[in-house]
Amino acid sequence: MKKNLISVIILALVFANFVLTAILMFSVLPETKKANTLIEKVCSAIDLDLNSGAATGTSNVPIDQQEIYKVSAGEDLTTNLADGSDGKTHYAVLNVSLVLNTKSDNYKKYNQEFLTNQDDTIKNDIIKVVSGYTFDEFNHKSDDIKKTILSDMQKLFGKDYVIGVNFSKLTAQ
């Protein structure tokens with residue numbers, strides 16, 4: 001008799017567990033779906049924020065959405081370099097162009113005509129960056145020079161507008 005009574009109690013507990021699990025699933029599942037929807041919205045907002053601004057680069061923007069602005073109408077820029085350990089005066093000659101994102105919000109605001117009017121400011125900034133390097137640094141750190149110029153141009157015009165800096169000519173003597 002004790003075995004049957006224990007079996008009946010176990011069966012009753014299993015049935016109670018099943019009922020409580022079903023009630024839990026029906027009451028928690030809708031709230032879980034709402035929470036998942038909220039989490040997805042937050043994640044998509046974070047993804048949008050990560051894809052704008054600093055994360056934008058020439059490799060992240062299709063080539064048909066890029067436009068080239070030649071600084072100083074494509075003419076060479078010449079500047080003195082910082083004094084190095086050899087004590088000689090060195091200078092750099094470079095030809096710089098900026099890669100612009102045509103899908104940027106600032107594209108209509110900062111058009112080619114505006115950039116042409118701001119050409120002296122752009123040249124001054126580039127010369128200031130380049131003249132801070134010595135002859136040896138200039139020859140070995142051209143990528144650092146590009147990154148610094150890009151950072152300065154992004155501060156001026158917006159991180160998602162200027163997405164790259166190119167040197168079509170880069171010599172030092």
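This report covers the nonpolar core, helix α3, one aromatic pair and the salt bridges of a predicted model.

**The core**

The largest nonpolar core has 26 residues. Leu98, Ile122, Ile126, Val130 and Ile149 make the most contacts inside it. Four elements each supply at least two residues of this core: β3 (91-101), α3 (119-130), α5 (142-157) and β4 (162-172).

Ile122 shows how these parts meet. Leaving out residues up to four places away in sequence, Ile122 touches Tyr69, Val71, Leu98, Leu115, Met153 and Phe157.

**Helix α3**

Helix α3 has 12 residues, which should span 16 Å at 1.5 Å a residue. Its end C-alpha atoms are 16 Å apart, in agreement with that figure.

Which residues of α3 are buried? They are Asp119, Ile122, Asp125, Ile126, Val129 and Val130. Seen down the helix axis, the buried residues of α3 fall within an arc of 130°, so they line one face. The face turned away from that buried side carries the exposed residues Asp120, Asn124 and Lys128.

What covers the buried residues of α3? The cover includes the strands β1 (66-70), β2 (77-80) and β3. It also includes the helices α2 (112-117), α4 (135-140) and α5.

Strand β2 contains Thr79. This threonine is buried, at 9% relative accessibility. Not counting residues up to four places away in sequence, Thr79 touches Tyr91, Ala92, Ile127, Val130 and Ser131. One of these contacts, Val130, is also among the buried residues of α3.

**The aromatic pair**

The structure holds one aromatic pair. The rings of Phe157 and Tyr161 have their centres 6.5 Å apart. Their planes stand at 70°, so the pair is edge-to-face; the cut-off for that class is over 60 degrees. Are these two residues buried or exposed? Phe157 is buried, with a relative accessible area of 6%. Tyr161 is buried too, at 0%. Phe157 is also one of the residues that Ile122 touches.

**Salt bridges**

The count comes to three salt bridges. The table gives the closest N to O distance for each, with the helix that holds both partners.

| Pair | N to O distance | Helix |
|---|---|---|
| Lys34 and Glu31 | 3.8 Å | α1 (residues 2-51) |
| Asp120 and Lys123 | 3.6 Å | α3 |
| Lys128 and Asp125 | 4.0 Å | α3 |

In α1, Lys34 and Glu31 are three residues apart, about one turn of the helix. Asp120 and Lys123 have that spacing in α3, and so do Lys128 and Asp125. Why can such a spacing bring side chains together on one side? An α-helix has 3.6 residues a turn, so residues three or four places apart point the same way.

How exposed are the partners? In α1, Lys34 is exposed at 54% relative accessibility, while Glu31 is partly exposed at 48%. In α3, Asp120 is exposed, with a relative accessible area of 56%, and its partner Lys123 is partly exposed at 21%. The cut-off for buried is under 20%, so Lys123 does not count as buried.

The last pair joins an exposed residue to a buried one. Lys128 is exposed at 55% relative accessibility, whereas Asp125 is buried at 11%. Lys128 sits on the face of α3 turned away from the buried side, and Asp125 is among the buried residues of that helix.

How values were computed:
Residues are numbered from 1 along each chain as its sequence is written. This is a predicted model: local features need pLDDT of at least 70, side-chain atom pairs count only at pLDDT 80 or more; totals for chains, interfaces and linings use all residues. Side-chain values use heavy atoms; hydrogens and water are left out. Rings of Phe, Tyr and Trp (its six-membered ring) pair if their centres lie within 6.5 Å; planes under 30 degrees apart count as stacked, over 60 as edge-to-face and the rest as tilted. Buried means under 20% relative accessible area, exposed over 50%, partly exposed in between (1.4 Å probe, protein chains only). A nonpolar core is a set of buried Ala, Val, Leu, Ile, Met, Phe, Trp, Tyr and Cys residues joined through side-chain atoms within 4.5 Å. Contact means heavy atoms within 4.5 Å. The expected span of a helix is 1.5 Å times one less than its number of residues. The arc is that of the directions from the helix axis to the C-beta atoms. A salt bridge is a side-chain nitrogen of Lys or Arg within 4 Å of a carboxyl oxygen of Asp or Glu.
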